[in-house]
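Here are my notes on the model, set out as numbered points. Please read them alongside the coordinates.

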Amino acid sequence: MQPLLDAIATMDLPTDARRIFHGRGGLHPGCEHWVLDAYPPVLLLTSFQPATDEELATIGAALAQRWQQAAPDQPLNWVFQCRHEGRSETRLMAGSVPEPHVVTEAGTRYRVHVLRGQNHGLFLDMAEGRRWVREHVAAHPERERFGLKVLNLFAYTCAFSVVARQAGAKQVLNLDMSQGALAIGQQNHQLNGITEGASFLAHDIFSTWGKIGRGGPYHLIIVDPPSYQKGSFVATKDYAKLMRRLPDLLRPGGHALLCLNAPELGQDFLQDQMRELAPELEFIERVANPPVFADVSAERALKVLVYRAPE
């Protein structure tokens with residue numbers, strides 16, 4: 001675990017939510033199961049295989065030593081989660097976790113929860129996707145004249161919606177099957193002083209096309225589904241259903257941001273189907289992931305692809 005210990009020994013005092021060590025990328029042999037994230041003022045260590053008490057004690061000592069150097073006047077708060085064979089166990093190892101727990105990223109505030117579940121309210125690997133949305137909306141030539149409409153599918157806690165509204169989008173429609181996730185999404189808007197311009201629908205997207213269509217057409221459509229969620233979405237069979245709808249939902253010159261976080265499916269999975277199912281949409285670029293999420297294979301890493309409709 002030396003690369004993890006080295007990352008701890010040299011880490012800066014985190015102020016924004018971010019990943020500190022990404023063993024999952026395969027660039028640190030022997031550490032593939034370790035991940036360390038900062039959700040200030042809490043550090044979250046995740047292992048994707050069982051960890052021994054000795055390993056946790058070694059990591060805890062390294063964290064304590066670095067914290068004493070970096071923030072001697074602040075308590076060390078850290079949480080450990082083990083994910084193995086489809087189950088997870090979470091333990092508070094030192095300090096405490098604030099409630100409510102609010103973190104920042106690029107000046108925007110988000111509600112998170114690190115003591116329960118495997119998804120903590122903000123996907124750190126999507127930081128560059130959120131930056132792209134913010135910059136795209138802010139620079140859009142029609143933003144002030146017409147007011148941009150954004151469709152946020154599989155919205156989860158609506159981080160994309162928050163940055164789109166902050167950047168000047170007039171209206172964002174957020175859809176997700178989870179009422180609980182959308183409730184946190186509404187809190188995220190309120191945390192950032194956004195009281196209008198966003199709507200929230202807790203519906204199965206595949207049975208809501210009528211409402212979605214009536215709200216369009218859209219300047220920007222964001223598609224960020226789970227790669228595999230039984231009873232909700234399976235990328236290999238369900239992504240195609242979304243792609244077919246995009247040309248009719250986008251305004252002329254509108255953009256679609258297609259996201260896929262499935263190591264077993266490469267970029268070609270999206271591009272091949274888009275050429276077949278929505279050939280009129282032009283591939284523009286793949287948004288780079290945050291550098292800390294570097295992977296031995298770009299095909300395994302998070303894919304975020306930008307497409308544009310014809311004028």
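1. This is a predicted model. Helix H4, residues 159-166, lies across S8, S9, S10, strand S11 (218-223) and strand S14 (250-260). Its direction is at about 180° to S9.

2. The strands that H4 crosses belong to an open sheet of 7 strands, in the order S10-S9-S8-S11-S14-S16-S15. Pairing in this sheet is mixed. Strand S10 (198-202) and strand S15 (282-286) are the edge strands, each pairing on one side only. From one strand to the next, the twist averages 15°.

3. Within the sheet, strand S8 (residues 149-153) and strand S9 (residues 171-176) run parallel and are joined by 5 bridges. For Leu151, the bridge partner in S9 is Leu173.

4. His136 sits in helix H3, residues 127-139. Is this residue, His136, buried or exposed? His136 counts as buried because its relative accessibility is 14%, and the cut-off for buried is under 20%. Leaving aside residues up to four places away in sequence, His136 touches Leu220 and His255.

5. How many disulfides does the model have? The count is 0. For Cys31, the closest cysteine sulfur is in Cys82, 15 Å away, and therefore too far for a bond; a disulfide would require the sulfur atoms to be within 2.5 Å. Cys82 is likewise in no disulfide, with the sulfur of Cys31 as its nearest cysteine sulfur.

6. On accessibility, Cys31 counts as buried at 0% relative accessibility. Cys82 also counts as buried, at 14%.

Notes
Residues are numbered from 1 along each chain as its sequence is written. This is a predicted model: local features need pLDDT of at least 70, side-chain atom pairs count only at pLDDT 80 or more; totals for chains, interfaces and linings use all residues. Side-chain values use heavy atoms; hydrogens and water are left out. Two strands pair if DSSP finds at least two bridges between them. Helices (H or I, at least four residues) and strands (E, at least two) are DSSP runs, numbered from the N terminus. Axes are lines fitted to C-alpha atoms, for helices over the stretch in contact, and angles run from 0 to 180 degrees between N-to-C directions. Contact means heavy atoms within 4.5 Å. Buried means under 20% relative accessible area, exposed over 50%, partly exposed in between (1.4 Å probe, protein chains only).
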